[in-house]
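Thank you all for coming; I would like to walk through one structure this morning, taking charged pairs before anything else. Please have the view open as I speak.

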Amino acid sequence: MSIKVRVGIRVPKFPSVISGGIRILSEYNFDFGVQIDRAKLLKLIAFGVASPTELIRRLNMPRAKVFRYLNALIKRGWLVRKDGGYYLAATIFLVYRVREFGDYAVLEVLNDKGAIVDQKAGLVIINGKESPKACPRCPLLQECTNNIRSISKSLGITITSITPADAYLELISTIINEGLVKILLNDYIDLHVNNGL
């Protein structure tokens, strides 16, 4: 099942991304994709490595394992296959969780998980709240700071957080609160169900 909405958030296009839009993944599918080997695969694809042969060579993994990961990542909404190559399905991946409350089902879009494609950093994965206290001691502080500035500039979002850890969470929250919520309040959602026909 896929949910399709018209998105009015400004999203940059990259050669490694098929649609350039936003995709909302279930928490289960997101967590599947950010496991170490699969995340390495996604990051290579984000940097434009689309050929399965080149992915196998760079990852130094057995061919069967790489294809198993590629097929699973397509099934879980991360990737699209086109012209023999593999591409990310979106520029921004948000994450949702479904909760049942009696007769209601509540769809909760998480503000501490997601992924964003950046031309310099590749695929930036936000997976839970990081301690901002760790940022000043991190050897990648300047690189992270530059990455978040680049991403926020490409999306037209102003970030006020001091540390990169807080800034990434602010970026995801802004995309959800200022973009997605407004779109969902004023638009509609089509549910497309594949019945295997």
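**Charged pairs, a hairpin and a surface patch**

Glu-54 and Arg-57 both sit in helix 3 (residues 52-59), where they are 3 residues apart, or about one turn of the helix. Please keep in mind that this is a predicted model. These two residues form a salt bridge in which the closest N and O atoms are 2.6 Å apart; Glu-54 is partly exposed, with a relative accessible area of 24%, whereas Arg-57 is exposed at 56%. Salt bridges that share partners also join Glu-27, Asp-31, Arg-97, Arg-99, Glu-108 and Lys-113 into one network.

Within that network, Lys-113 and Asp-31 form a salt bridge, with 2.9 Å between the closest N and O atoms, and this pair links distant parts of the chain, since Lys-113 belongs to strand 6 and Asp-31 to helix 1 (residues 27-33), 82 residues apart. Is Lys-113 buried or exposed? Because its relative accessibility is 11%, and buried means under 20%, Lys-113 counts as buried, while Asp-31, at 25%, counts as partly exposed.

Turning to the strands, strand 3 (residues 79-82) and strand 4 (residues 85-88) pair in the antiparallel sense over 4 bridges, and Arg-81 has Tyr-86 in strand 4 as its bridge partner. The two strands form a hairpin with 2 residues between them, and Asp-83 in the turn has a positive phi of about 50 degrees.

Finally, Phe-101, Tyr-104 and Val-106 form a nonpolar patch on the surface, together offering about 340 Å² of accessible area. Of these, Val-106 lies in strand 6 (residues 104-118) and counts as partly exposed at 34% relative accessibility.

Notes. Residues numbered from 1 in each chain as written. Predicted model: local features only at pLDDT ≥ 70, side-chain atom pairs only at ≥ 80, totals over all residues. Heavy atoms only, no water. Patch = residues over 30% accessible without salt bridge, like charges linked within 9 Å, V, L, I, M, F, W, Y side chains within 5 Å. Areas by Shrake-Rupley, 256 points an atom, 1.4 Å probe, with all protein chains shown as cover. Salt bridge = Lys/Arg side-chain N within 4 Å of Asp/Glu carboxyl O. Buried < 20%, exposed > 50% of the residue type's maximum accessible area, 1.4 Å probe, protein only. Pairing = 2+ DSSP bridges.
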